[in-house]
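Reader: I should be grateful for a close look at a single part of this model, followed outward into the rest of the chain. Please define each term where it is first used.

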Amino acid sequence: MKSVFNKLMLTAAVIAAPMMTHAEGHGDDLTYILVSHAPDSDSWWNTVKNGIALAGDQMGVTVEYRNPPTGDLADMARIIEQAAAANPDGIITTLSDYDALKGPVMAAVDQGIDVIIMNTGTPEQALEVGALMYVGQPEYDAGLAAGQRAKRDGVGSFLCVNHYISSPSSTERCQGFADGLGVDLGNQMIDAGQDPSEIKNRVLAYLSANPETDAILTLGPTSADPTLLALDENGLAGDIYFGTFDLGEEIIKGIKAGTIEWGIDQQPFLQAYLPVVVLANYDRYGVLPGNNINSGPGFVTAEGLTKVEKFAGEYR
């Protein structure tokens with residue numbers, strides 16, 4: 001019996017060895033570049049950086065993160081062109097402004113570089129530019145779901161604090177929320193800018209001029225954190241309906257304290273991690289998922305904070 005077992009183990013080892021060699025021999029020289037639209041000041045993207053770093057380590061490939069320091073989309077277009085000129089095995093990029101970015105993305109595809117669209121853009125746009133797939137959260141749909149949820153909770157008017165108004169995908173979030181409520185967006189969206197003090201002051205000014213506002217929607221930590229400070233200052237913390245896109249340390253604290261009703265989790269870790277895994281397996285074995293991957297939206301409330309709180313800003 002022992003002899004038979006040993007023979008079986010030896011056979012398994014012989015079969016397994018070529019498979020291990022195949023994997024190790026097709027990954028050492030693979031390089032992928034992720035290009036985002038985010039300015040350096042946006043800490044939300046740290047989770048994205050952690051996602052590609054972990055995927056790079058696990059898959060045995062080289063990964064790079066590049067972005068326009070100020071969030072300028074013309075600068076981002078040039079960065080995509082520079083990334084393509086480096087001739088990597090794949091490019092992972094956001095598509096926050098289709099018209100501004102489709103040219104360099106399509107040029108990279110025409111050059112023979114595999115591209116995956118992540119985070120912003122739509123599955124339809126990813127198909128149009130020739131990308132392999134889309135991994136992310138359709139922004140309008142997420143805003144619509146949030147607006148429908150808020151309507152069920154009795155909200156009729158709101159302030160959308162848009163800290164990245166130059167990105168059409170940000171406006172889609174606000175528009176979707178308005179449509180979910182069944183109201184016109186109108187002047188309920190403000191251009192908050194990126195400076196925390198300015199965001200806080202603009203929120204305070206809007207709420208002072210529009211005291212009947214039922215709710216606030218922020219689009220991520222950049223606008224949520226100063227808005228929390230504004231509500232502490234004017235005494236509305238916990239009294240005004242407050243929902244936000246994305247997660248972060250202060251957002252989690254706000255949900256826990258009851259100041260924020262919910263955070264829309266689009267799982268940025270997966271948006272960065274999965275494209276690296278997909279590209280590596282595609283390059284090595286020619287396998288590819290048969291569809292796009294929606295990483296969100298998911299609503300995080302006080303009842304579901306255990307793991308989210310532990311990994312907020314790192315993997316969530």
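Author: The account below begins with one central strand and then moves to other parts of the chain.

This is a predicted model, in which local features need pLDDT of at least 70 and side-chain atom pairs count only at pLDDT 80 or more, whereas totals for chains, interfaces and linings use all residues. Residues are numbered from 1 along each chain as its sequence is written, and side-chain values use heavy atoms, with hydrogens and water left out.

The part chosen is strand β3, residues 90-93. Helices (H or I, at least four residues) and strands (E, at least two) are DSSP runs, numbered from the N terminus. From β3, Gly90 and Ile92 point one way, while Ile91 and Thr93 point the other way. In a regular strand the side chains alternate between the two faces of the sheet. All four of these residues of β3 are buried, a term that means under 20% relative accessible area, with exposed meaning over 50% and partly exposed in between (1.4 Å probe, protein chains only).

Two strands count as paired if DSSP finds at least two bridges between them. Strand β1 (residues 31-35) runs parallel to β3 and is joined to it by four bridges; here Thr93 of β3 has Val35 opposite it. Strand β4 (residues 114-119) is likewise parallel to β3, again with four bridges, and in β4 the residue Asp114 is the bridge partner of Gly90. Together with helix α4 (residues 98-110), β3 and β4 form a right-handed β-α-β unit. Right-handed here means that, with the strands pointing away from the viewer, the path from the first strand over the helix to the second runs clockwise.

The surrounding sheet is open and has six strands in the order β2-β1-β3-β4-β5-β11, with parallel pairing. Its edges are β2 (62-66) and β11 (293-294); each has a single partner strand, so one side of each lacks a neighbour in the sheet.

Two backbone details belong to strands of this sheet or to the loop that follows one of them. Most residues other than glycine have a negative phi, and most peptide bonds are trans. Asn119, although not a glycine, has a positive phi of about 75°. Asn119 lies in β4 and counts as buried because its relative accessibility is 3%. In the loop between β11 and β12 (298-300) lies Pro297, which is joined to Gly296 by a cis peptide bond with omega of about 10°.

Strand β12 leads to another set of paired strands. It runs antiparallel to β10, to which three bridges join it, and Phe299 in β12 is the bridge partner of Ile264. Strand β10 (residues 262-265) is covered on both faces, for Trp262 and Ile264 on one side and Gly263 and Asp265 on the other are all buried. Strands β9 and β10 pair in the parallel sense over three bridges, and Phe245 stands opposite Ile264 of β10. From β9 the chain crosses through α10 to β10, and this β-α-β crossover is right-handed.

The loop between β9 (241-245) and α10 (249-257) holds Asp246. This residue is not a glycine, yet its phi is positive, near 70°; with a relative accessible area of 4%, Asp246 is buried.

Leu217 touches residues already named in this account. It is found in strand β8 (residues 215-218) and counts as buried because its relative accessibility is 0%. Beyond its neighbours within four places in sequence, Leu217 has contacts (heavy atoms within 4.5 Å) that include Phe245 and Trp262, along with Leu159, Val161, Phe177 and Gly243. Val135, in turn, is 82 residues from Leu217 in sequence and 24 Å from it in space, C-alpha to C-alpha.

The chain as a whole completes the picture. It has twelve helices and twelve strands, and its C-alpha trace spans about 80 × 50 × 30 Å along the principal axes. Of its 316 residues, 49% are buried. Among contacts with a separation of 6 or more, 72% come from residues 24 or more positions apart. The accessible surface of the chain comes to about 14,100 Å², with 52% belonging to carbon and sulfur atoms; such areas come from the Shrake-Rupley method with a 1.4 Å probe, and for residues only the protein chains shown count as cover.
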